[in-house]
Each structure stands twice: as structure tokens, then as C-alpha cells.
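Open the model in your viewer and show it as a cartoon. This tour tells you what to select at each stop and what you will find there.

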Amino acid sequence: MTHPAYNDFAQVSSCDLADALPLHQFMHYSIHPLWPNMPRIAGRAFTAQCGQGDNLMLHAAIYAAQPGDIIVVQADDQYAVSGGNVCAIAKSRGIVAFVIDGVIRDIDEVVDIAFPVHALGTCPKPGAKKVYIPLNQPVVCGRVNVHTGDIIVADNDGVAVIPKNQAQEALAIAIQRRDTDAQQTLVQWQRKHEQNVKSILFKLGQ
């Protein structure tokens, strides 16, 4: 469930945001939805970094994050940082989703409770709980620098990271793109598209 403060961001897709953000604000495609037909999610990033072979800080983050947050995690991809119970607790506390540069386990349980997770994949082996790294520090997830307070919009096309100081501007551009596309029929779009392609080819001497 999207927090009311982020409802507007949930109304635009990652593709709509392509006009508003440079490529380096979109996570690498290896970070993907872990179950089919996952709904679009939007929320405030709450960052956590897990040590090598460790999951302590994600487990700490589910109690420190606020309702409406999306926990964004930099982790080792050899060990699961979360299972079904951790996802269930996160959901019960109003956390919107996990976005993890790493892996989780208990995917069937996660699907059953419909908790959104974008990550690299799954692994049965859990990490340890030995390494403390402060929460809310900048992390790298999907090759993108993410800070607590940035806005995350994630759907089946990808994960957009909107720096908090650019959020309203990016949202306005994305809404304009969405509405412009919605006002055109496919026939109208095709007519403009064909003219544009032919014009480019002509300029290229083709």
C-alpha cells in the first residue's frame, strides 16, 4: 500500500520518469521484480548496507524505517538477507517494499503475502548477523547511489531513484509525459513517429 505522501509518484511509471532523469538514476536491469505482475511501488528510500555474508542491518532496518518507506539495501549476493518472516514483519509495519542489490529466500511465502521485492534473485542460504554498519548512510544499489529521503518508483520496467531535491520537478515532467501519451491514439502516435523516423533517415542521407 502506497503512503499518502507518495500517491502522486505512484501515478507515474518508470518510463514516464525517463524524460525527467538521466540514465544513472535508473537501477541496472539485474534488479528486477521477484514475482509476476507486481504492482508499481513508490516511497521514500530508507537505506541499509549489509556486510559480506551478513544480513543484520536489513533486519535492523525493518524496525527503524517508517510506514511508507522502501528499504533499499546494498548487500552481498551470496547469502539471503531476508526471508518470509522478515518480509511479513516489514509489511505489518507499513514498509512498502524492499529493493535489494542482493538476494532473499522464502520466495513462495513472499508471494503469498504479496510483499513487493525487487532484487537480484533468490538463495536458500541465509546470511549471519555479526556486522554493524550504520543505517541511513548512502548506498549503491543497482549501480545507483541512493540516499535516505530519495524517492523510489519501481515497476515492471525498472527502478527509478529520484534525488529528494529534484523530486517535484521530476514528478511534473513525468506527469506531462504520461498525460501527453494518454491523449494520443495509436494512429496519431504512429503518424508522428513515422514522420520523425523518415526525417531522421533523410538527414542521415538514407
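Contact here means heavy atoms within 4.5 Å. With that cut-off, residues 24 or more positions apart account for 73% of the contacts in the chain with a separation of 6 or more. Keep in mind throughout that this is a predicted model.

**Stop 1: the whole chain**

Select everything. The C-alpha atoms fill a box of roughly 60 × 35 × 35 Å, taken along the principal axes. Colour by secondary structure: the chain has 6 helices and 11 strands. Of its 206 residues, 47% are buried.

**Stop 2: the sheet**

Now show the strands alone. Which order do the 7 strands of the open sheet follow? The order is S1-S6-S4-S3-S2-S10-S11, and the pairing is mixed. S1 and S11 are the edge strands, each pairing on one side only. Strands of a sheet pair through backbone hydrogen bonds, either parallel or antiparallel.

**Stop 3: S2 to S3**

Select strand S2 (41–49) and strand S3 (residues 69–74). S2 and S3 pair in the parallel sense over 6 bridges. For one matched position, pick Ala48: Val73 in S3 stands opposite. Add helix H2 (residues 56–64). Together S2, H2 and S3 make a right-handed β-α-β unit. S3 itself is mostly covered, with 5 of its 6 residues buried.

**Stop 4: S3 to S4**

Keep S3 and add strand S4 (residues 97–101). S3 and S4 are parallel partners over 5 bridges. Two positions help you line them up. Ile70 stands opposite Ala97 in S4. Gln74 has Asp101 as its bridge partner in S4. Between the two strands the chain runs through helix H3 (residues 84–92), and this β-α-β crossover is right-handed.

Is S4 enclosed or open? Count its buried residues: 4 of the 5 are buried, so S4 is largely enclosed by the rest of the structure. Next, select strand S6 (residues 117–119), which pairs with S4 in the parallel sense over 2 bridges. Val99 has His118 as its bridge partner in S6.

**Stop 5: helix H2 and Met57**

Go back to H2 and show its side chains. Which residues of H2 are buried? They are Met57, Leu58, His59, Ala61 and Ile62. The cover over the buried residues of H2 includes S2, S3, H3 and S4.

Centre on Met57. Its relative accessible area is 3%, so Met57 is buried. Beyond residues up to four places away in sequence, Met57 touches Ala48, Gln49, Cys50, Val131, Tyr132, Ile133 and Leu135. Ala48 is the residue you matched with Val73 in S3. Draw a distance from Met57 to Tyr132. The two are 75 residues apart in sequence and 6.7 Å apart in space, C-alpha to C-alpha.

**Stop 6: the loop between H1 and S1**

Move to helix H1 (7–10) and the loop that leads from it to S1. Two residues in this loop deserve a stop: Ser14 and Gln25.

Take Ser14 first. Buried or exposed? At 5% relative accessibility, Ser14 is buried. Leaving aside neighbours within four places in sequence, Ser14 is in contact with Phe26, Val153, Asp155, Asp157 and Gly158. Ser14 and Ala160 are 146 residues apart in sequence, yet their C-alpha atoms are 5.9 Å apart in space.

Then select Gln25. At 11% relative accessibility, Gln25 also counts as buried, because the cut-off is under 20%. Outside the neighbours within four places in sequence, Gln25 is in contact with Val144, Val159, Ala160, Val161 and Pro163.

**Stop 7: the second largest pocket**

Stay with Ser14 and turn on a surface. Rolling a probe the size of a water molecule over the atoms shows where empty space is left. The second largest pocket has a volume of about 160 Å³. Which of its 15 lining residues lie nearest the centre? Select Ser14, Met27, Asp157, Gly158 and Val159. Strand S1 (32–33) and strand S11 (158–162) are the elements that give two or more residues to the lining. Colour the lining by residue class: 8 are nonpolar, 5 polar and 2 charged.

End with S1 and S11 both highlighted. These strands contribute to the pocket lining, and they are also the edge strands of the sheet from Stop 2.

How values were computed
Residues are numbered from 1 along each chain as its sequence is written. This is a predicted model: local features need pLDDT of at least 70, side-chain atom pairs count only at pLDDT 80 or more; totals for chains, interfaces and linings use all residues. Side-chain values use heavy atoms; hydrogens and water are left out. On a 1 Å grid over the protein atoms alone, a cavity is a set of points where a 1.4 Å probe fits but cannot get out, and a pocket is an open set with protein on both sides within 12 Å along at least five of seven lines; lining residues have an atom within 4 Å of a point. Grid points are joined across faces, edges and corners, and a volume is the space filled by probe spheres set on the points. Ala, Val, Leu, Ile, Met, Phe, Trp, Tyr, Cys and Pro count as nonpolar, Asp, Glu, Lys and Arg as charged, and the others, Gly among them, as polar. Buried means under 20% relative accessible area, exposed over 50%, partly exposed in between (1.4 Å probe, protein chains only). Two strands pair if DSSP finds at least two bridges between them. A crossover is right-handed if, with the strands pointing away from the viewer, the path from the first strand over the helix to the second runs clockwise.
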